[in-house]
Amino acid sequence: MAFFSFLILTSLCIAGREALNLSDCGAYARRPEPTDISVVCGTSAINLAIQVCPVIYTGYNKSLLILNRIFDDEDCRGTLDTSVTPPVVRFTFPIREGNACGSNFLTTSAPGTGIFSDFSNIQTVNVSGVIRSFDPTIGTITYNAELKYYYSCAYPLEYLINNTQVDVSSSSIALKDNNGSFISTLSMSLYQDINYTKPLTMPRLGLELRTDIYVQVVASNLTSQYLVLLDRCYASVNPQPTNSTFFNLFVSCSIDQLTTMLENGDSQKARFHFPAFRFIEQQNETLSTYYLHCITRLCERSTCNTFKQCNNRRRRRGVESTVVQEGITEPSVLTVAIRTKTETPIVSKEEALFAGQSDGKGASVGLGITVAVLIVIGVAAILMAATFYRKLKRLS
């Protein structure tokens with residue numbers, strides 16, 4: 001064990017000779033500060049950067065910064081970057097359990113709030129760890145302070161594709177907040193065939209009603225640890241569904257009878273299709289235009305089957321049209337618009353004739369004819385009365 005420790009110390013010291021010296025740091029040679037670490041919470045990897053001059057000032061070098069006590073893995077060692085000012089030591093590792101350089105993965109669940117208030121179980125995965133200084137001093141005492149740089153990335157696993165706020169926290173010597181998100185890996189596309197090979201191009205005059213619309217939500221460049229599970233998809237009259245009429249295609253186990261789910265929660269893509277419809281409130285418009293939204297969950301492979309069960313996701317009220325009560329605070333970043341044709345009425349000859357007579361000119365002509373007929377009848381009556389009167393006078 002002592003020999004193994006000696007080998008570690010020897011390799012660290014040899015590597016340390018390649019690091020910067022205190023004289024190379026100039027004005028950046030100072031005590032460590034809370035802002036010395038930066039954390040980028042990416043979609044497939046986490047990137048850490050620590051200012052190296054305060055580390056040298058404290059008595060260490062870049063090779064004496066150890067990620068999660070892992071000494072013997074080159075992929076988990078820091079790399080000196082002198083191309084930036086001030087120079088930093090960079091650590092990069094994937095977001096994948098078993099290969100994340102000893103990072104801790106903790107998945108927590110809590111009831112949904114806001115736009116997710118219909119779901120009783122919203123998960124967040126927290127990836128955390130610490131970079132510590134390794135003191136090579138052999139003896140009873142040391143004059144080097146111990147350095148600890150904590151990091152933490154919190155990824156929510158529930159997303160509204162066209163509107164998502166992701167809160168990510170990280171920490172070093174003091175807390176450092178950063179934003180990270182998986183939302184950039186998600187996209188929604190429409191297709192015209194069940195094989196999803198022909199993208200749907202919206203006709204200028206809109207789709208025929210009952211035309212099958214094939215929807216695919218896919219995750220690209222996402223760590224293989226997570227699968228895509230659609231929790232809810234719905235259409236709304238306005239791009240932002242706040243105070244807008246909407247129609248649920250499905251919510252958890254409540255699926256509209258004309259919506260067909262093809263794949264969900266089994267891979268990094270989800271697929272379903274439904275026939276084109278129109279909103280009744282747009283019946284006086286040539287085109288019925290509405291917008292498709294999907295609330296998408298990223299679930300770990302081991303937990304997706306659990307979320308597929310109905311008793312783990314709260315049912316929403318029916319699938320009838322109603323008005324959204326919850327507000328949405330951010331503008332859409334992805335909106336899929338659908339336009340459908342409204343039916344053109346066929347007018348019969350009798351209806352056309354009636355319509356032609358229903359305007360002001362037709363009414364005037366009809367009124368003139370009626371007056372003329374009444375005058376003729378009146379004159380005839382007067383002549384008959386005069387003839388009858390003369391006959392009565394002769395008889396008397």
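Asn68 is buried in this predicted model, with a relative accessible area of 16%; that counts as buried because the cut-off is under 20%. The residue is found in the loop between β3 (65–67) and β4. Its backbone is worth a look too: phi of Asn68 is near 50 degrees, a positive value in a residue other than glycine. Cys101 tells a similar story, with phi near 55 degrees, again positive and again not in a glycine. This cysteine sits in the loop between β5 and β6 (104–110), and Cys101 is buried as well, at a relative accessible area of 8%. A third backbone feature turns up at Pro86, which is joined to Thr85 by a cis peptide bond with omega at about -5 degrees. Pro86 has its place in the loop between β4 (79–81) and β5 (88–94). As background, most residues other than glycine have a negative phi, and most peptide bonds are trans.

Next come the charged side chains. Side chains of opposite charge can pair when their charged atoms come close. Here the count comes to 7 salt bridges. Arg297 is a good place to start, since this residue, Glu158 and Asp231 are linked in a network of salt bridges. With Glu158, Arg297 forms a bridge in which the closest N and O atoms are 3.2 Å apart. That pair links distant parts of the chain, with Arg297 in strand β19 (residues 287–300) and Glu158 in strand β9 (residues 158–160), 139 residues apart. On the other arm of the network, Asp231 and Arg297 meet at 3.0 Å, N to O. Asp231 lies in strand β14 (residues 226–236) and Arg297 in strand β19, so this contact ties together parts that are 66 residues apart in sequence.

How much of this trio is left accessible? For Arg297 the relative accessible area is 1%, for Glu158 the value is 3%, and for Asp231 it is 0%. With under 20% as the cut-off, Arg297 is therefore buried, and Glu158 and Asp231 are buried too.

Another salt bridge has a different setting. The side chains of Lys308 and Asp266 meet at 2.4 Å, N to O. Lys308 lies in helix α4 (residues 304–308), while Asp266 belongs to the loop between β17 (260–263) and β18 (269–275), so the pair ties together parts that are 42 residues apart in sequence. Both partners are partly exposed: Lys308 has a relative accessible area of 29%, and Asp266 one of 46%.

The two strands on either side of that loop, β17 and β18, also belong to a sheet. Four strands form this open sheet, in the order β12-β13-β18-β17, with antiparallel pairing. The edges are taken by β12 (186–191) and β17; each has a single partner strand, so one side of each is left without a neighbour in the sheet. From one strand to the next, the twist averages 20 degrees. Looking at one pairing in detail, β17 and β18 run in the antiparallel sense and share 3 bridges. Within this part of the sheet, Glu263 stands opposite Arg271 in β18.

Conventions:
Residues numbered from 1 in each chain as written. Predicted model: local features only at pLDDT ≥ 70, side-chain atom pairs only at ≥ 80, totals over all residues. Heavy atoms only, no water. Salt bridge = Lys/Arg side-chain N within 4 Å of Asp/Glu carboxyl O. Buried < 20%, exposed > 50% of the residue type's maximum accessible area, 1.4 Å probe, protein only. Pairing = 2+ DSSP bridges. Axes fitted to C-alpha atoms, helices over the stretch in contact; angles between N-to-C directions.
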